[in-house]
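Reader: Before accepting the labels used for a structure, I should like to see each one justified. Could you show the model and explain the terms?

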Amino acid sequence: MFYPWRVVFAAIFILSVSACATFNPRPLEEIPFRERAQTKSEGKVTVTAAVPSAEESRRLFGVNIYERGVQPIWLELGNKDEKPVYFLPVSLDPDYFSPLEAAYVSHFPYVTPANDEMDRYFFRRRQRIRIAPGTVRAGFVYTPVDEGTKEFSVDLVGEDHDVRTFTFFINVPGLRADHHQVGFESLYSKDEMKSYDEERLFRKALESLPRCTTNKKGTDEGDPLNLVVIGESEDVFHAFIRAGWDETETIYTASALRTTMSFLFGGRYRYSPVSGLYVYGRRQDVALQKVRESIHERNHLRLWLSRMRFEGKPVWVGQISRDIGVRFTTKTIVTHKIDPDVDETRDFLIQDLWYSQGLVKFAFVKGVGAAPISEPRGNLTGDPYFTDGLRAVLWVSSDPTDFEDVEFIEWEVPPFH
């Protein structure tokens with residue numbers, strides 16, 4: 001049966017929505033995100049990049065594009081050379097959105113005039129491919145959302161097929177990363193620091209580190225301290241972020257709610273808070289994670305800045321493990337279950353940083369204490385684990401290191417070697 005009143009009602013609804021929705025982006029000059037821009041040059045070519053936050057993007061584009069999974073990157077490309085250069089968007093992110101695709105996912109429902117205006121706006125503000133000699137072109141590239149530190153590369157190709165690559169690590173406001181609340185400069189006094197230049201003494205110091213993390217009181221042992229990272233804080237963060245690791249949020253109302261929802265329904269919350277473990281009487285300074293299909297399956301690690309420096313570089317002590325599911329426990333009701341083979345996760349990290357060109361050299365030292373699969377130890381939540389007793393020592397860098405140039409120092413040789 002045909003009901004004319006339904007058609008009328010639908011028409012009224014569409015017209016009312018159309019009348020209420022407006023597209024009102026703000027001018028670029030009104031949004032101060034370019035104050036955080038970074039500039040890099042090579043020869044006569046210059047690249048300036050900035051990433052607006054979620055709120056800045058909402059004002060810039062008139063819609064909340066972050067909620068649609070779109071993060072704009074603003075680029076200004078200057079070419080003072082005598083030949084044109086060409087920008088390759090796929091170098092920045094192979095999953096980038098085309099301008100009209102980014103506009104389409106942000107469309108208002110049933111609002112054709114405003115959506116048409118939105119399409120034109122996104123398209124006009126795109127970054128162009130060809131940068132002619134003596135010109136500067138500025139515009140946006142639309143990428144998937146990365147909260148916290150945004151890492152990307154910009155490749156510019158000349159007519160002779162020469163490639164200039166510019167790599168950026170830009171902090172995007174909005175994520176309450178745990179390490180932002182740590183005053184690294186004030187953790188230790190100068191008198192507390194211990195510097196090593198002799199390899200033998202440094203190796204001995206690493207072997208004498210505690211074998212495990214502890215609870216807050218320091219009365220019970222937790223996961224094994226199977227990781228040492230050597231590098232300035234910038235090198236550490238850049239190496240891990242280039243390898244696809246995400247920063248971790250502090251625990252507050254919104255992050256706790258997102259964690260709970262992800263935990264209950266298996267969502268993929270890339271920045272979920274990590275529970276506190278203790279070394280040097282304090283919880284971790286930095287937590288990083290690499291989430292897979294859900295929050296129940298992730299690799300995660302914790303790092304503590306130590307009192308040691310080796311050859312002038314800071315030394316970080318850490319723990320890494322792999323969550324493979326959830327289980328019930330009498331201590332915490334529900335907890336993540338770790339892969340008992342903690343050495344496998346330790347070795348995964350070496351491969352991960354190696355393939356992503358963040359690893360300079362690596363070694364193994366004693367100190368964890370062997371626990372065979374027949375006699376596993378347990379962490380604070382009762383998960384069993386076994387290990388060969390070695391901890392990995394990783395030298396990292398912000399500058400890419402070719403795969404074949406990574407050095408293995410034969411301090412100790414794991415059983416699989």
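Author: The following exchange sets values against definitions. This is a predicted model, in which local features need pLDDT of at least 70, side-chain atom pairs count only at pLDDT 80 or more, and totals for chains, interfaces and linings use all residues. Residues are numbered from 1 along each chain as its sequence is written, and side-chain values use heavy atoms, with hydrogens and water left out.

Reader: Why is Glu-199 called partly exposed?

Author: Buried means under 20% relative accessible area, exposed means over 50%, and partly exposed lies in between (1.4 Å probe, protein chains only). Glu-199 has 40% relative accessibility, so it counts as partly exposed. Glu-199 belongs to helix α6 (residues 199–207); helices are DSSP runs of H or I with at least four residues, strands are runs of E with at least two, and both are numbered from the N terminus.

Reader: Why does Ile-324 count as partly exposed?

Author: Its relative accessibility is 40%, and therefore Ile-324 is partly exposed. Ile-324 lies in strand β18 (residues 313–329). Its C-alpha atom is 7.0 Å from that of Arg-298, 26 residues away along the chain.

Reader: What makes helix α7 largely enclosed by the rest of the structure?

Author: Helix α7 (residues 233–242) is largely enclosed because 8 of its 10 residues are buried. Among them are Phe-237, His-238 and Arg-242. After α7 comes Gly-244, with a positive phi near 95 degrees.

Reader: How do you know that strands β1 and β2 pair?

Author: Pairing requires at least two DSSP bridges between two strands. Antiparallel strands β1 (residues 38–42) and β2 (residues 45–50) are joined by 5 bridges, with Glu-42 opposite Val-45.
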